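With the model open in a viewer, please follow this short tour of charged side chains, selecting the residues in the order in which they are named.

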Amino acid sequence: AQAMLPLIAMGGEVTEATGDLALEAIEPYKHTFSEAMAARLRAKLGLAGERDEDVALADDWLQLMATERADHTITWRRLAQWSPTEPQAVRDLFLDRPAFDAWADRYARRLALDGRAEAERRLQMDRANPKYVLRNHLCENAIRAAQGGDFGETQRLLKVLERPFDEQPEHSAYAEFPPDWAQTLEVSCSS
């Protein structure tokens, strides 16, 4: 709203009334954003319907991933394959196994309330959680090759990213954890 003040004032002086108009204009955003975010997180978690505890479940999942420094893309995608009887693929991403287990127990109870087939949930999650994203190390590899006159890597990367939600076994290396050398990459907005 503050960035819009000069436009709202239409070249005139920004006054308290102008500020009030700006705040009034963005007031619906607070509610709209919260609803849209909750819906998106429910889709990413594979939840059907809407329940009061969904936002807390999603927030706790995000906090757990942040605390454990879990790779978001890989963790979300592996969560789609999770089940109470087969937790290992995602559980192994967490050092604090008791914290994961406590969250996963809540998640299992919430999924049970939906009563959906596991395959349906997995499909929903695979459509909401990309397997392939443009990672810094992938960009770096493409840039280095292009600087040497080879644009093949750029073309392959573009082809993979055209279908980020699809399984592409022939391109599985693009969905792996970043290599150790990539930990030192720094990217700025102007990169």
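Begin by selecting R77, which in this predicted model counts as buried, because its relative accessibility is 10% and the cut-off for burial lies under 20%. Add E167 to the selection, and you will find that the two side chains meet in a salt bridge, with 3.0 Å from N to O. This pair links distant parts of the chain, since R77 belongs to helix α4 (residues 72-81) whereas E167 sits in the segment after α9 (152-161), 90 residues apart. Unlike its buried partner R77, E167 counts as partly exposed, at 46% relative accessibility.

Next, move to helix α9 and select E153 together with R156, which form a salt bridge whose closest N and O atoms are 3.0 Å apart. Because these two residues lie three apart in helix α9, about one helical turn separates them. E153 counts as buried at 16% relative accessibility, while R156, at 40%, counts as partly exposed. Before leaving the subject of paired charges, display R77, D126, K131 and E167 together, as salt bridges that share partners join them into one network.

Then select R116 and E120, where another salt bridge is found, the closest N and O atoms being 3.6 Å apart. Here R116 is partly exposed, with a relative accessible area of 23%, and E120 likewise counts as partly exposed, at 44% relative accessibility.

How many salt bridges does the structure hold, should you wish to continue the tour on your own? There are 17, among them the pairs R77 with E167, E153 with R156 and R116 with E120.

Key:
Residues numbered from 1 in each chain as written. Predicted model: local features only at pLDDT ≥ 70, side-chain atom pairs only at ≥ 80, totals over all residues. Heavy atoms only, no water. Salt bridge = Lys/Arg side-chain N within 4 Å of Asp/Glu carboxyl O. Helix = DSSP H or I, 4+ residues; strand = E, 2+ residues; numbered from the N terminus. Buried < 20%, exposed > 50% of the residue type's maximum accessible area, 1.4 Å probe, protein only.
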